[in-house]
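Biologist: I should like to learn how to read the features of a model of this kind. May we go through them one at a time?

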Amino acid sequence: LKAETPLGMLSAASGSQSVLEVHHCSLAIDLLSEPSTNIFATLGEQERTRAVKTLIECILATDMAKHNELDGLVEGFLGKPPPERGTEQFGLYHSLVLKMVIKSADISNITKPFEISRQWAIAVTEEFYSQGDAEKERGLTVAAMFDREKAALAKGQLGFIDFVGRKHFEMMARLCPGWQWMVDNLNANRSRWAEIDSAGEAKPPA
């Protein structure tokens, strides 16, 4: 594949990693191939190439395997004025901010009002359980978070907030002060999940 075609750029950017995210990129490219859904149709060739590259990079950035790496890059910019526009550093900064905004949207369920956040948590957990069920049927070892007989909804949410979400959204609120409400919602949700965990809820209610 040629590097400057959409599929070529996708292959070069992803290699054999980030399988789910590569699938999402493929779907996006399929949509862009249709005249009725090609949002880049009016762009010039160079702008269109840059837009597709940016789209792919942002989607691939939602791979949780890259979470700590991206958060670490953001930390390097905190407490400093943004780089001067037109410089190489500004290009890196701009690309990173775009990736982090998409990444924030990807895990934003923990920042929504509690009842909405709770429904997202139940849906995600059920997806994990379905994978665990399929692994059990094949005689495979099932990770605790995928085992519906062992996992607990509240503990799972507390773990995700404490080890992934809180640091991420606190950094984003420093980068984008208007996002502080997300941190406030996240902390309120953590308190609710802690109450549920203390009460002994082991599974999502029916």
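Modeller: Let us begin with Phe146, bearing in mind that the model is predicted. Phe146 counts as buried because its relative accessibility is 16%, and buried means under 20%.

Biologist: Which residue forms an aromatic pair with Phe146, and how is such a pair described?

Modeller: In general, two aromatic rings are described by the distance between their centres and the angle between their planes. Here, Phe128 and Phe146 form an edge-to-face pair, with 5.1 Å from centre to centre and 70 degrees between the planes. Phe128 belongs to helix α6 (residues 114–137) and Phe146 to the loop between α6 and α7 (153–175), so the pair ties together parts that are 18 residues apart in sequence. Phe128, at 27% relative accessibility, counts as partly exposed.

Biologist: How many aromatic pairs does the count give?

Modeller: The count comes to three aromatic pairs. One of them joins Phe77 and Tyr93, edge-to-face, with 5.1 Å between the centres and 65 degrees between the planes. Since Phe77 lies in the loop between α4 (67–75) and α5 (88–106) while Tyr93 lies in helix α5, this pair ties together parts 16 residues apart in sequence. Phe77 counts as buried at 16% relative accessibility, and Tyr93 counts as buried at 15%.

Biologist: Which residue lies over the face of Phe114?

Modeller: That residue is Arg192, at 4.2 Å from the ring centre of Phe114.

Biologist: What should a reader know about nonpolar side chains?

Modeller: In soluble globular proteins, nonpolar side chains tend to be buried together. In this model, the largest nonpolar core has 30 residues, and those with the most contacts inside it include Val74, Leu96, Phe169 and Trp193. Helices α4, α5, α6, α7 and α8 (180–199) each supply at least two residues of this core. The helix that gives the most to the core is α7, with nine residues.

Biologist: Which residues form a nonpolar patch on the surface?

Modeller: Ile116, Trp120 and Val124 form such a patch, and together they have about 270 Å² of accessible area. Trp120 lies in helix α6 and counts as partly exposed at 46% relative accessibility.

Biologist: How many salt bridges does the count give, and which parts of the chain does the pair of Asp197 and Lys155 tie together?

Modeller: The count comes to seven salt bridges. In one of these, the side chains of Asp197 and Lys155 meet at 3.1 Å, N to O. Asp197 lies in helix α8 and Lys155 in helix α7, so the pair ties together parts that are 42 residues apart in sequence. Asp197 counts as partly exposed at 21% relative accessibility, whereas Lys155 is exposed at 52%.

Biologist: Where do Glu115 and Arg118 lie?

Modeller: Both lie in helix α6, three residues apart, which is about one turn of the helix. Glu115 and Arg118 form a salt bridge whose closest N and O atoms are 3.6 Å apart. Glu115 is partly exposed, with a relative accessible area of 46%, but Arg118 counts as buried at 17%.

Biologist: Which residues are linked in a network of salt bridges?

Modeller: The network links Glu126, Asp133 and Arg148. Within this group, the side chains of Asp133 and Arg148 meet in a salt bridge at 2.8 Å, N to O. That pair links distant parts of the chain, with Asp133 in helix α6 and Arg148 in the loop between α6 and α7, 15 residues apart. Asp133 is partly exposed, with a relative accessible area of 26%, and Arg148 is partly exposed at 23%.

Technical notes. Residues are numbered from 1 along each chain as its sequence is written. This is a predicted model: local features need pLDDT of at least 70, side-chain atom pairs count only at pLDDT 80 or more; totals for chains, interfaces and linings use all residues. Side-chain values use heavy atoms; hydrogens and water are left out. Rings of Phe, Tyr and Trp (its six-membered ring) pair if their centres lie within 6.5 Å; planes under 30 degrees apart count as stacked, over 60 as edge-to-face and the rest as tilted. Helices (H or I, at least four residues) and strands (E, at least two) are DSSP runs, numbered from the N terminus. Buried means under 20% relative accessible area, exposed over 50%, partly exposed in between (1.4 Å probe, protein chains only). A charge sits over a ring if NZ of Lys or CZ of Arg is within 6 Å of the ring centre and within 35 degrees of the ring normal. Patches are made of residues with over 30% relative accessible area and no salt bridge: like charges are joined within 9 Å, nonpolar side chains (Val, Leu, Ile, Met, Phe, Trp, Tyr) within 5 Å. Accessible areas come from the Shrake-Rupley method with a 1.4 Å probe; for residues, only the protein chains shown count as cover. A salt bridge is a side-chain nitrogen of Lys or Arg within 4 Å of a carboxyl oxygen of Asp or Glu. A nonpolar core is a set of buried Ala, Val, Leu, Ile, Met, Phe, Trp, Tyr and Cys residues joined through side-chain atoms within 4.5 Å.
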